[in-house]
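Let's take a walk through the inside of this protein, from its packed core to its empty spaces. Have the viewer ready as you read.

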Amino acid sequence: MRICVYCASSAAVDPVYLEAARSLGDTLARAGCTIVYGGGGTGLMGALADGALAAGGEVIGIIPRFMVEVEWQHPGVGDMQIVEDMRERKHRLLTGSDAVIALPGGCGTLEELSEALTLKRLALYAKPIVLLDINGFYAPLERFLEQMIEQRFMNPEHRGLWTRVTRVDQVLPTIRAIPDWDVNARDYAAVR
């Protein structure tokens with residue numbers, strides 16, 4: 001499987017997040033998954049890549065040219081694909097992925113996750129989207145998404161856009177258990 005992972009580049013976070021990212025990289029690599037991520041060398045991005053590389057995993061970084069110019073890329077990732085801008089990066093991260101995992105992150109992670117959820121809602125992406133809710137990080141977002149449903153900005157069927165798990169060892173079993181999104185999802189993409 002090719003797994004797209006969204007996560008933060010900040011290293012100034014609680015170490016529990018860095019350990020979860022490292023553990024996720026290790027877990028995915030040991031399962032034979034290819035990780036495609038934003039290419040960064042610090043924070044959760046760096047820890048994810050470090051965990052996967054230490055376990056002999058395949059890691060693909062997708063990074064905008066301006067980030068390479070300021071040397072934000074992970075030096076150990078052999079397959080570092082340089083793109084022109086953030087928009088192309090997002091497109092390349094998601095294209096061909098068999099699942100998305102969102103580790104905790106900032107506004108960049110939130111933007112990537114929001115786009116993936118939107119594309120899935122419109123039946124343009126059909127694969128699982130898993131929120132790895134370390135330390136309760138994604139609980140407020142899930143409440144907000146539920147509020148969107150309750151206040152009729154999304155339909156009840158849209159609860160199936162994402163799945164929230166709290167431990168790294170739940171990620172792969174969850175991905176394997178989630179069926180592809182309904183090809184007829186556009187029929188209920190608009191709120192009725």
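Leaving aside residues up to four places away in sequence, which residues does Ile101 touch? In this predicted model, the contacts of Ile101 are Ile3, Cys4, Val5, Tyr6, Leu24, Leu28, Val130, Leu132, Val171 and Ile175.

**The nonpolar cores**

Ile101 also stands out in a wider setting: the largest nonpolar core has 34 residues, and Val5, Leu24, Leu28, Ile101 and Leu132 are the ones touching the most other members. Two or more residues of this core come from each of strand 1 (2-6), helix 1 (15-30), strand 2 (34-37), helix 2 (43-54), strand 5 (99-102), strand 6 (129-132) and helix 7 (171-177). Helix 1 makes the largest contribution, with seven residues. Another core lies apart from this one; it has 26 residues, including Leu94, Ala102, Tyr125 and Ile149.

**Aromatic pairs**

Now for the rings. The model holds four aromatic pairs. In one of them, the ring centres of Tyr17 and Phe137 are 6.1 Å apart and the planes meet at 75 degrees, so this pair is edge-to-face. Why does this pair tie together parts that are 120 residues apart in sequence? The reason is that Tyr17 sits in helix 1, whereas Phe137 belongs to the loop between strand 6 and helix 6 (139-150). Tyr17 counts as buried, at 14% relative accessibility, while Phe137 is partly exposed, at 32%.

Trp181 and Tyr188 form a pair as well: with ring centres 6.2 Å apart and planes at 70 degrees, their arrangement is edge-to-face. Here Trp181 is buried, with a relative accessible area of 10%, and Tyr188 is buried too, at 13%. Ring pairs also join Tyr17, Phe137 and Tyr138 into a cluster.

**Cavity and pockets**

On to the empty space. Rolling a probe the size of a water molecule over the atoms reveals where such space remains. How many cavities of 30 Å³ or more does a search of the whole structure find? The search finds one, and the volume of this largest cavity is about 30 Å³. Its lining consists of Val5, Tyr6, Cys7, Tyr37, Gly38, Met45, Leu93 and Glu112. By class, that lining has six nonpolar residues, one polar and one charged.

The open spaces are set out by residue class below.

| Pocket | Nonpolar lining residues | Polar lining residues | Charged lining residues |
|---|---|---|---|
| Largest pocket | eight residues | 10 residues | four residues |
| Second largest pocket | 10 residues | two residues | one residue |

The largest pocket has a volume of about 340 Å³. Of the 22 residues lining the largest pocket, Cys7, Ser9, Met45, Met67 and Arg89 lie nearest its centre. Helix 4 (86-94) and helix 5 (107-121) each give at least two residues to this lining, and helix 5 has the largest share, with five residues.

The second largest pocket has a volume of about 220 Å³. It is lined by 13 residues, and those nearest its centre are Ser114, Leu117, Thr118, Leu145 and Met148. The elements giving two or more residues to this lining are helix 5 and helix 6. Which helix gives the most to the lining of the second largest pocket? That is helix 5, with six residues.

How values were computed. Residues are numbered from 1 along each chain as its sequence is written. This is a predicted model: local features need pLDDT of at least 70, side-chain atom pairs count only at pLDDT 80 or more; totals for chains, interfaces and linings use all residues. Side-chain values use heavy atoms; hydrogens and water are left out. On a 1 Å grid over the protein atoms alone, a cavity is a set of points where a 1.4 Å probe fits but cannot get out, and a pocket is an open set with protein on both sides within 12 Å along at least five of seven lines; lining residues have an atom within 4 Å of a point. Grid points are joined across faces, edges and corners, and a volume is the space filled by probe spheres set on the points. Ala, Val, Leu, Ile, Met, Phe, Trp, Tyr, Cys and Pro count as nonpolar, Asp, Glu, Lys and Arg as charged, and the others, Gly among them, as polar. A nonpolar core is a set of buried Ala, Val, Leu, Ile, Met, Phe, Trp, Tyr and Cys residues joined through side-chain atoms within 4.5 Å. Buried means under 20% relative accessible area, exposed over 50%, partly exposed in between (1.4 Å probe, protein chains only). Helices (H or I, at least four residues) and strands (E, at least two) are DSSP runs, numbered from the N terminus. Contact means heavy atoms within 4.5 Å. Rings of Phe, Tyr and Trp (its six-membered ring) pair if their centres lie within 6.5 Å; planes under 30 degrees apart count as stacked, over 60 as edge-to-face and the rest as tilted.
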